[in-house]
Amino acid sequence: MTDPSAPAWRTGESEFDLSLRGVGKIYPGNPPLHVLKDVTLDIAPGEFVAVVGPSGSGKTTMLSIMGTLDAPSTGEVWIGGVATGRLGEAERSRLRSDRIGFVFQQFFLLPALTALDNVATGMLYQGINKRNRRRRALEALDRVGLSARASHRPTQLSGGEQQRVAIARAIAGEPTILFADEPTGALDRAAGRRIVHYLRDIADAGTTVVVITHDQELAALFGRRISLLDGAIVGDERELVSR
Ligand SMILES: Nc1ncnc2c1ncn2[C@@H]1O[C@H](COP(=O)(O)OP(=O)(O)O)[C@@H](O)[C@H]1O
Ligand SMILES: [Mg+2]
């Protein structure tokens, strides 16, 4: 790939990674709100990254843009060697359903469905047949320690377990990147730590995991912490000691 505006270190071939180049976001208004300011960063395959910062610092906006749910006002988001801003909307949503998983603070499970069906339903638009959807859903539930709860409905599960079902739904389609926006925000500390533990396992298995949190204690459990303040990156540290 010889695109001169591509991140310099990219090979453009097989590695899946995430790069932001000069990403800005301005919400129109009087005055306009400059929510992200010239954000440039690279995230390598399999990294386990926390994005930390106080409320209103632009974390959710940055995650929506990294996940191609929202477009930047300036700059470009590269995913796996692809400049996402140059894709059409249909191609972008294809990229999203094939490569990206999302987890939110609210679990968004369907109350009438079992854990297994909640997870399997997440793969409906990937062209995977029903039998394989069920098999993959069971495998994904197993990865978050819930294979014994596959036939439970959300009301029969704790908050932490419901969030683990949501994580299983997000990883069942085998995304290359998993984004989570305050996934522990509705949980107590012990359940939150367990969520981080499962997310770390997912990153160790090769999926890039990017998690937003305003909780510094939880952020300390990540391999890399990117700090955001007033829409700008003010810190980017990696853990020095491997655990
Ligand atoms: N769709 C929007 N329109 C206008 N302003 C927005 C919109 N979304 C977020 N904002 C504003 O952008 C700022 C950053 O919000 P957000 O990205 O949600 O921060 P965080 O997730 O760190 O709390 C806030 O001031 C918020 O009010
Ligand atoms: Mg937020």
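## A walk through the model

Let's start with Asp215, which sits in the loop between β8 (208-213) and α7 (216-219); helices (H or I, at least four residues) and strands (E, at least two) are DSSP runs, numbered from the N terminus. This is a predicted model, where local features need pLDDT of at least 70, side-chain atom pairs count only at pLDDT 80 or more, and totals for chains, interfaces and linings use all residues. Residues are numbered from 1 along each chain as its sequence is written, chains are lettered from A and ligands numbered from 1 in the order in which they are written, and side-chain values use heavy atoms, with hydrogens and water left out.

Asp215 counts as buried because its relative accessibility is 18%. Buried here means under 20% relative accessible area, exposed means over 50%, and partly exposed is what falls in between (1.4 Å probe, protein chains only). The side chain of Asp215 also has a partner: it reaches the backbone nitrogen of Leu218 at 3.1 Å. That pair is a polar contact, meaning N or O atoms within 3.5 Å; within protein, one must be able to donate a hydrogen and the other to accept it, and residues adjacent in sequence count only if both atoms are side-chain atoms.

**Around the ligand**

Which residues surround ligand 1? The shell is made of Tyr27, Leu33, Val35, Pro54, Ser55, Gly56, Ser57, Gly58, Lys59, Thr60 and Thr61, where a residue gets in if one of its heavy atoms lies within 4 Å of the ligand. Sorted by class, that is four nonpolar, six polar and one charged residues. For the sorting, Ala, Val, Leu, Ile, Met, Phe, Trp, Tyr, Cys and Pro count as nonpolar, Asp, Glu, Lys and Arg as charged, and the others, Gly among them, as polar. Both β2 (33-43) and α1 (59-66) supply at least two residues of the shell, and α1 gives the most, with three.

As for polar contacts, a nitrogen atom of ligand 1 is 3.4 Å from an N or O atom in the side chain of Tyr27. The backbone joins in too: a polar backbone atom of Gly56 is 2.7 Å from an oxygen atom of the ligand, and a backbone N or O atom of Ser57 lies 3.2 Å from a ligand oxygen. The protein covers 58% of the 560 Å² of accessible area that ligand 1 has on its own; these areas come from the Shrake-Rupley method with a 1.4 Å probe, and for residues only the protein chains shown count as cover.

**A helix with two sides**

Now for helix α2 (residues 89-99), where Arg92, Leu95 and Arg96 are buried. They cover an arc of only 100° around the axis, so they lie on the same side of α2; the arc is that of the directions from the helix axis to the C-beta atoms. Ala90 and Arg94, on the other side of α2, are exposed. What do the buried residues of α2 pack against? Their partners are β4 (74-79) and β6 (100-103), with contact meaning heavy atoms within 4.5 Å.

**Some buried spots**

Strand β6 is also home to Gly101, which counts as buried because its relative accessibility is 3%. Setting aside residues up to four places away in sequence, Gly101 touches Ala170, Pro175, Ile177, Leu178 and Phe179.

Thr207 sits in the loop between α6 (189-204) and β8. On the same footing, its contacts are Gly46, Glu47, Pro175, Thr176, Ile177, Leu178 and Ile202.

Val51 belongs to strand β3 (residues 48-52). The C-alpha atoms of Val51 and Val211 are separated by 6.0 Å, though the two residues are 160 residues apart along the chain. Leaving out neighbours within four places in sequence, Val51 is in contact with Lys59, Met62, Val210, Val211, Ile212, Thr213, Ile226 and Leu228.

Here is how a few residues come out on accessibility:

| Residue | Relative accessibility | Class |
|---|---|---|
| Thr207 | 12% | buried |
| Val51 | 2% | buried |
| Glu182 | 11% | buried |
| Asp230 | 54% | exposed |

**Backbone oddities**

Glu182 has a positive phi of about 50° although it is not a glycine, and it is found in the loop between β7 (177-181) and α6. Asp230, not a glycine either, has a positive phi of about 50°; Asp230 lies in the loop between β9 (224-229) and β10 (232-238). Finally, a cis peptide bond joins Asn30 and Pro31, with omega about 0°, and Pro31 is in the loop between β1 (18-27) and β2.
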